[in-house]
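Thank you all for coming; I would like to take a few minutes on one model, beginning with a helix and then moving on to a cavity and the chain as a whole.

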Amino acid sequence: MPDGHPRSGPSWQESGGWAADADQGWGVRADQAGGWAAQGPYPQGPYPQGPSAPHDFSAEQAPGPHPLPHDHTAPRPDPAAGAWAAQGPYPQAPYVQGPFTPAGYDVASADPAARATEARPSTPAAAGLPYDPSTPYDPSADRDRAPEPQLPTGGRKAARLAREAERNGGGGNAPRAGGRRGRRRAGGNRKGNGNGTGTGTGTGRTTDVPHQPTTTPRAPRLRRAGLVKAVTFCAAVVAASMLMLRGSEALGRLGGPAVPDSRAVAPAAPADAPDPGRVLQIVAHPDDDLYFMNPDLRYSISTGHPVTSVYLTSGEADGINAGAAKETTTPPNKPAYAEARQNGIRAAYAKMATGDRSSPWKRTAVPTKGGGQAEVDVLLAKPQVNLVWLQLREAGNVYADVPDSLHGLWDGKVSRLESMLSSGTPVKQRYAYTKDQVVQTLVGVLEQYKPTTVRSQDPTPGRFADTKRYTDHQDHFYGARFVQMATAAYAKDVRDRPHFALQNYLGYFNGYLPSALDPDEAKEKLDILDTYAWLDRQNHCGSDAGCGDLKVADHPAGNRWSDAINYARGNSTSWLTSDREHGLWAFKVLDGQVAVWHRRGLVGPWSGPDLLAGTGVDPGVTTVTLTDGRIAAFGTRTSFGARPADYKREVVYAVQKGPGAAEFGEWQSLGTPETTDETWTSDISAPAVSVDGAGHLAAYVRDGAGSLRGRVQQADGSWGPWEKHGGADLHGAPATATDGAGRRMVFCATSKTVLGWAQPKPGAPLGPVTATGLPDTTLPLTAQGREGGVRLWFRKPGSGNVRTALVTGDGGLKVNNLTDLGGLSGFGSVTASGHVLAGRAAGGQLGSEVGSGRPWERSPLMFVGAPSSTMTGRNMVSLAVVGLDARLYVTSSADAPDAHLAPWQPVGPRNGAP
């Protein structure tokens, strides 16, 4: 069994992103055409984005579900600079934005036969470099495909223009050119096609439509007003056109040879040029990404995001590439089995990216910062898709003590972990890494790819209560701990990098939880796993080792893993909150620190992200407003200590120094209900916090034993001990809120239902655990005080539909009116405020409902973790996400019942160096 797994592809439309340069072998980046889709007809405003939200999604080119290719050729760096070299500092510039693409490779000659030919190790001088993240995606790169210039939207005029354009079938904010006045608005010359539409020539003259003389003179005041409007509009169009032309000029320079110009540097990108974000996944074994990070992986690839997956071990297991029927008659060959698994991964990624499992790859050996070598594979048809193979030995057992493993290396049972090279790898020199060298190798990978989103497995998965065995593979969670150390070192030591967000994924235990995916999503996921498992047994890869993992071919779905995906952390929906002045505060973890964004008042400017002092904070922040108006932010923090046994995860919080103040106090620790890491692998949930009607603040977590624990703050500011509140089989994180009487209620999901606790009155201890009678639900719960009780939102297993129920506390907990609200499938947390309901939809974008009975709408935003929302007026709702570019995006409704959401606005500048 590979990795000790208890193991019992769709055809993808080519999306935009990168194409291959046949002459140079370098990736050319392609942006998505079209802007951010507006969510339906918009209210007349005003929207509380304020002057600091200068960007309109109609002009902010970002990944959509159907990107179009652009010809964006990346500059080629000096190959002599080396790649991933451990001997000296990294090249200063310019990296090529995106993946590693070996220099001088002739894409035109790549075919399956050539791909099967073993590549020779590359020297540092011959190796290519990943891209420069400072090079933005330029939406004006191809004027033939780029959207027409659009004016900033926002306010009544923008809404009127948007509605007018929609009525006329136009694609921009201006109406279609129909008649003389329409042509003046559109700008330039329009070649009529008989229906009032045309294409501009840029001459500014109208030679194709006869001039219609004015028969009725206009009043002078109206004429002057019309002239002012025409001049203003033409100036705006000219300015937008100049931006497009300058962007095209910059693109043309990028597409040419990288010749130094002593007179000027390369033209800078516009300040608001979007960054679609770069995703870096780090997993223990080949297939962990397919089982536990999909469909997020597929969403990212299909929308054109640069995606790199790093595999810590070779996954060689016992070396037998066969199903149960032939296992005893198949001789073991660990290098060949490792190669077969690599071939299966390459086929799966090629199918996700291009629809063709046999799409060729370029395999290259590069030196690492840890002193060894890594194999880097680049998908030639989509060079933004990379695979990095570190090829260390795997444990080969889920929980048994195996010294030669990541676990053994972490605990110091071995001083070095040796490599296990696959039979077809271009890496020919064996190596071994110390614990620190593994960390430094990962730091080097992070430096190369400069991700804005890092995906990893769960570093604290827990144990089964009865057997005390790990609920996940030891390679999975010790690999994730190496990732924790590496990202901490990268954040601390590397300054020339963008901010990054981290997302952790649940592993084996998904098979014991209700299905999170709807049937269509589960089928898509299983199709990719079928490709990896090499079900058709055709020799697509031209390798004697085999083209996939036959160990999983008997049951490619694993232990129901194809039906599920769950985030281990970062499910909180209370990280966006408002203050007494209707200002907004957002709290998300970037670079292992809590980042704070703030908008002053209803329409004030935004600031941030500002990083609060203190590192090691885990993904997921929850906030609560105290009785005096200050905001308190809660989360968990991981520390490593001097010894392996000192690894600890604890609950921490920081409090605003005053209502509305930008400063927060130091992080304070509430400790952890766990005694040692060895007992339950430090498996505590993120905290749920609330203030009851008596003003008492309390924090609750699910502990490693699957029960509820809590601490309550006393009147003097001190905290009581971790109290035991019972419950069993709890999973995920609890949710808490207070009802209309000020009584605190707490809820947590099990594998079969939801359990609840309630105060009999404000200030009283929490009552006993109570069965709610609710059906099974996917893990994340959202709770909010409403309608005199506490309303819960959650997902229906196997469909992704959103459900809600009102829980009241009079005479004990009582569930009222369980309702299915539908939705756009999807998975994960749901946020609710006022009339707005939002959550991740199928495809990975944000789905939202703005009023009962209205159809759900889909935003093109791809984002990390969970969305969050808050009320900023009687009916005004603000909604926020953090995109895959680690940037905050916010939208708000007008202060009117069931008002639509405004266009999304990015907050602050593009993600750059901290």
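Helix α7 is largely enclosed by the rest of the structure, because 19 of its 21 residues are buried, where buried means under 20% relative accessible area with a 1.4 Å probe and protein chains only. I should say at once that this is a predicted model, in which local features need pLDDT of at least 70 and side-chain atom pairs count only at pLDDT 80 or more, while totals for chains, interfaces and linings use all residues. Residues are numbered from 1 along each chain as its sequence is written, and side-chain values use heavy atoms, with hydrogens and water left out.

The helix covers residues 334–354, and its end C-alpha atoms are 30 Å apart, which agrees with the 30 Å expected at 1.5 Å a residue, the expected span being 1.5 Å times one less than the number of residues. At its N-terminal end, α7 is capped by Asn333, whose side-chain oxygen lies 3.1 Å from the backbone nitrogen of Ala336. Just after the helix, Gly355 takes a positive phi of about 85 degrees.

Turning to the interior, the largest cavity has a volume of about 100 Å³; a cavity here is a set of points on a 1 Å grid over the protein atoms alone where a 1.4 Å probe fits but cannot get out, and lining residues have an atom within 4 Å of a point. Of the 15 lining residues, the closest to the centre are Asp296, Arg455, Arg840, Phe863 and Leu884.

Finally, of the 914 residues of the chain, 60% count as buried.

Technical notes. Buried < 20%, exposed > 50% of the residue type's maximum accessible area, 1.4 Å probe, protein only. 1 Å grid on protein atoms, 1.4 Å probe; cavity = no way out; pocket = protein on both sides within 12 Å on 5 of 7 lines; lining within 4 Å. Points joined across faces, edges and corners; volume = space filled by probe spheres on them. Helix = DSSP H or I, 4+ residues; strand = E, 2+ residues; numbered from the N terminus. Polar contact = N/O pair within 3.5 Å; in protein donor to acceptor, adjacent residues only side chain to side chain.
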